[in-house]
Amino acid sequence: MLIAQISDTHIAEAGHRTFGVAPMAENLAACVADINAQPLPVDVVLVSGDITNDGTEGQARRAAAILSGLDCPYFVIPGNHDDRATLRKVFGKAACPAPDGDFLSFTVPGFPLHLVALDSTIPDAPGGEICAARARWLEQALAEGGDKPALLFLHHPPLKCGVPESDQDGFLGAECLREIVAGQDNIERVLCGHIHLHTHTRWAGTVVTTAPSIGMPLALDLTQSHPSEFLLDVPSYLLHHWTPERSLITHPVRVAPLDGPFPFVERR
Ligand SMILES: [Fe+2]
Ligand SMILES: [Fe+2]
């Protein structure tokens, strides 16, 4: 099974670049084309939040129009830049099959991995949260999958990743989420976005992976001494390859022309 993860598309209004400089609609279109062209067909695409830059319906519709070019099903969860009601309205049940209610959390049946989408957003706030209602829902959603290997995806990484602003914004209920996840032995991976960096961290007995943005990576500053800034990069996304040996192998994909391929032989 092949899963593509697109994150933090931050689509601006038609005719505009994100923050005036980032061509995110073009980047998303390039990712969609690259996913469609994968030699091993991609089974499903997970879009892990911050789909819009400002939560508007126009931005969500622009994102949906580009994502509708995918040859496979795709699913969206909200990030802190999104508006839940707008995502629900624009993407509908096909891409956001959350039951009616406050949160855009849902499970996706029919794949070798039990896909669990968790809404980690707080309206009008940048940080993450799992409240009591979402904790109850998550326990039930994970139980639905039985022993099947599971993939949990949510926008906010539930740990401090070394990015000053998001570490400060925090994740309410992170300890509760950690306990729920640690209580399962079948969660292959927790997939997140939000920090615009590609990272892997051991957490709660599994691994948290954050996807890079599709073209606005954070300028890496491990000294944490400057306010966060972003760079303009080529479009990129993650391919998660689930194999019959029950391994989930993650490949970052950069959508850019490269030189090669070359055989591993000495050239004169
Ligand atoms: Fe983001
Ligand atoms: Fe975010």
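A donor here is an N, O or S atom within 2.8 Å of the metal, and since water is not among the atoms, a site may look incomplete. Keep that in mind for the metal views below, and remember that this is a predicted model.

**View 1. The iron ion (ligand 1) and its protein donors.** Four side chains reach this metal: D8 (OD), H10 (NE2), D50 (OD) and H196 (NE2), at 2.0 to 2.3 Å. Walk along the chain and you get the spacing D-x1-H-x39-D-x145-H. D8 and D50 come from distant parts of the chain, 42 residues apart: D8 sits in the loop between β1 (2-6) and α1 (24-36), and D50 in the loop between β2 and α2. Both of these aspartates are buried. As for geometry, the four donor atoms subtend angles of 88 to 178°, so the arrangement counts as irregular. The cut-off explains the call: four donors are tetrahedral if all angles lie between 85 and 135 degrees, and the range here runs up to 178°.

**View 2. The iron ion (ligand 2), with its own set of donors.** Here the coordinating atoms are D50 (OD), N80 (OD1), H155 (NE2) and H194 (ND1), at 2.1 to 2.3 Å. In sequence, these donor residues read D-x29-N-x74-H-x38-H. Two of them, D50 and H155, link distant parts of the chain, 105 residues apart: D50 is in the loop between β2 (44-47) and α2 (57-67), while H155 is in the loop between β8 (150-154) and α5 (164-169). H155 is buried, with a relative accessible area of 0%. The angles between the four donor atoms go from 91 to 160°, which makes this arrangement irregular.

**View 3. D50, shared between the two metals.** What does D50 bridge? It coordinates both the iron ion (ligand 1) and the iron ion (ligand 2), and the two ions are 3.6 Å apart. Is D50 buried or exposed? D50 is buried, with a relative accessible area of 2%.

**View 4. N53, another residue of the loop that holds D50.** N53 is found in the loop between β2 and α2. Its relative accessible area is 7%, so N53 counts as buried. For a sense of scale, the C-alpha atoms of N53 and M24 are 9.8 Å apart, with their positions 29 residues apart along the chain.

**View 5. A salt bridge between two helices, E57 to K89.** The closest N and O atoms of E57 and K89 are 2.9 Å apart. E57 lies in helix α2 and K89 in helix α3 (residues 84-95), so the pair ties together parts that are 32 residues apart in sequence. How exposed are the two ends? E57 is partly exposed at 30% relative accessibility, and K89 is exposed, with a relative accessible area of 53%. This is one of eight salt bridges that a search of the whole structure finds.

**View 6. D100 and K93, a salt bridge with exposed partners.** The side chains of D100 and K93 meet at 3.7 Å, N to O. Both residues are exposed. As a general reminder, side chains of opposite charge can pair when their charged atoms come close.

**View 7. A network of charged side chains around R134.** Salt bridges link R84, D119, E129 and R134 into a network. Within this group, E129 and R134 meet at 2.9 Å, N to O. R134 is buried, with a relative accessible area of 3%.

**View 8. A nonpolar patch on the surface.** Which residues form the patch? F19, V21 and L232 do, with about 290 Å² of accessible area together. L232 is in the loop between β12 (206-210) and β13 (236-242).

**View 9. Zooming back out to the whole protein.** The predicted fold has six helices and 14 strands. Its C-alpha atoms fill a box of roughly 60 × 45 × 40 Å along the principal axes. The radius of gyration is 18 Å, which agrees with the value near 18 Å for a compact globule of 268 residues. Of those 268 residues, 53% count as buried.

Key
Residues are numbered from 1 along each chain as its sequence is written. Chains are lettered from A and ligands numbered from 1 in the order in which they are written. This is a predicted model: local features need pLDDT of at least 70, side-chain atom pairs count only at pLDDT 80 or more; totals for chains, interfaces and linings use all residues. Side-chain values use heavy atoms; hydrogens and water are left out. Donors are N, O and S atoms within 2.8 Å of the metal (3.2 Å for Na, K and Ca); water is not among the atoms, so sites may look incomplete. Four donors count as tetrahedral if all angles lie between 85 and 135 degrees; four count as square planar and six as octahedral if opposite donors are over 155 degrees apart and all others between 65 and 115; anything else is irregular. Helices (H or I, at least four residues) and strands (E, at least two) are DSSP runs, numbered from the N terminus. Buried means under 20% relative accessible area, exposed over 50%, partly exposed in between (1.4 Å probe, protein chains only). Patches are made of residues with over 30% relative accessible area and no salt bridge: like charges are joined within 9 Å, nonpolar side chains (Val, Leu, Ile, Met, Phe, Trp, Tyr) within 5 Å. Accessible areas come from the Shrake-Rupley method with a 1.4 Å probe; for residues, only the protein chains shown count as cover. A salt bridge is a side-chain nitrogen of Lys or Arg within 4 Å of a carboxyl oxygen of Asp or Glu. The radius of gyration is taken over C-alpha atoms; the globule rule is 2.2 Å times the number of residues to the power 0.38.
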